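I set out to record how the helices and chains of this model are arranged. The entries below follow the order of my look-ups.

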Amino acid sequence: MDFATIFFILVGALSVGAAVGVVMSRVAVHSALFLLTHFATLAVLYITLDAQFLGAAQIIIYAGGIVILILFVIMLIGSQEIETRAAYRTWVPYAGLALGLVLLSSMTYAIMQTPIKPVAVPANEGGVPIVLGMFLYTQNILLVELASVLLLVALLGALLLARKPKDEKSPIS
Amino acid sequence: MVPTNYYLILSAMIFTIGAVGVLSRRNALIIFMCVEMMLNSVNLTLIAFSRQWDNLNGQAFVFIVMAVAAAEVAVGLAILIAHTHHSKSTNIDDVNVMKW
């Protein structure tokens, strides 16, 4: 077992532990911080997969943007104790856990059955920003334009949805 | 070099944890976080296959998935805030206005 595998197992265990922490913690802010840890470990895994640009983008977009947005929303609407009302349905977490075990075992079986030959070639420069940028902005320029339009529409939609309705002629509420 | 299978199995584990979280938690914010985890596990799969086949299409796909995830979080949290203004609750069981 070489160093890369040991490193992968350590980072992967940290990632899975943080994911379990997101699901299990009772306080929403703790979940958000576990989510931050999870995204950071995933960025490390992206870099070990020679996707350096996407590792940096993972940190910037997810850790810098999405987790901060979630934290702001937690502070806006409060993380009140809401799990007690549903506590009488005690079978729901066990049903979810059973379905998850079925999902995990079937996916692991499918992965194990698929013959994937080990990567023979040494890592290319596929993930550095210049190569990925040339790939995105020459062959896939339509994709970038669609992503920009999507982000613009999402920005406008979020603004429209989250504002307080101030008159009755408002299209929402 | 770590085999691609390891990454796929780790991705399956993270996806399963996210799915179990969506199924078993009732806080809408935590359900959002679990959906983000599931999207990220799929990103990990795509990048692992991108290295496996020495092809950049997977990384371009991951780029777009990140944009879609950002849009989804923005709109979803806006819907959650708009709903919280009405019902003062983030319990997903209370979001049943559109039930038939």
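I began with helix H3 of chain A, residues 52–77, in this predicted model. H3(A) has 26 residues and spans 36 Å from first to last C-alpha, close to the 38 Å expected at 1.5 Å a residue, the expected span being 1.5 Å times one less than the number of residues. I took helices as DSSP runs (H or I, at least four residues), numbered from the N terminus. I found a kink of about 25 degrees in H3(A), centred on Tyr62(A); the bend is the angle between axes fitted to the seven residues ending at a residue and the seven starting there.

My conventions: residues are numbered from 1 along each chain as written, and chains are lettered from A in the order written. Local features need pLDDT of at least 70, side-chain atom pairs count only at pLDDT 80 or more, and totals for chains, interfaces and linings use all residues, while side-chain values use heavy atoms, without hydrogens and water.

I next looked up helix H1 of chain A (residues 3–24) and helix H1 of chain B (residues 4–24), whose axes lie 9 Å apart at about 5 degrees. Axes are lines fitted to C-alpha atoms over the stretch in contact, with angles from 0 to 180 degrees between N-to-C directions. H1(A) and H1(B) are therefore roughly parallel (under 35 degrees). Their contact (heavy atoms within 4.5 Å) includes Phe8(A) and Val16(A) from H1(A) and Leu10(B) and Ile14(B) from H1(B).

I then turned to the chain interface. The contact takes 81 residues from chain A and 70 residues from chain B. The chains bury about 6900 Å², 76% of it on carbon and sulfur atoms; this is accessible area (1.4 Å probe) lost on being put together, summed over both parts.

Technical notes: Helices (H or I, at least four residues) and strands (E, at least two) are DSSP runs, numbered from the N terminus. Buried area is the accessible area (1.4 Å probe) that two parts lose on being put together, summed over both. Angles under 35 degrees count as roughly parallel, over 145 as roughly antiparallel, 65 to 115 as roughly perpendicular and the rest as oblique.
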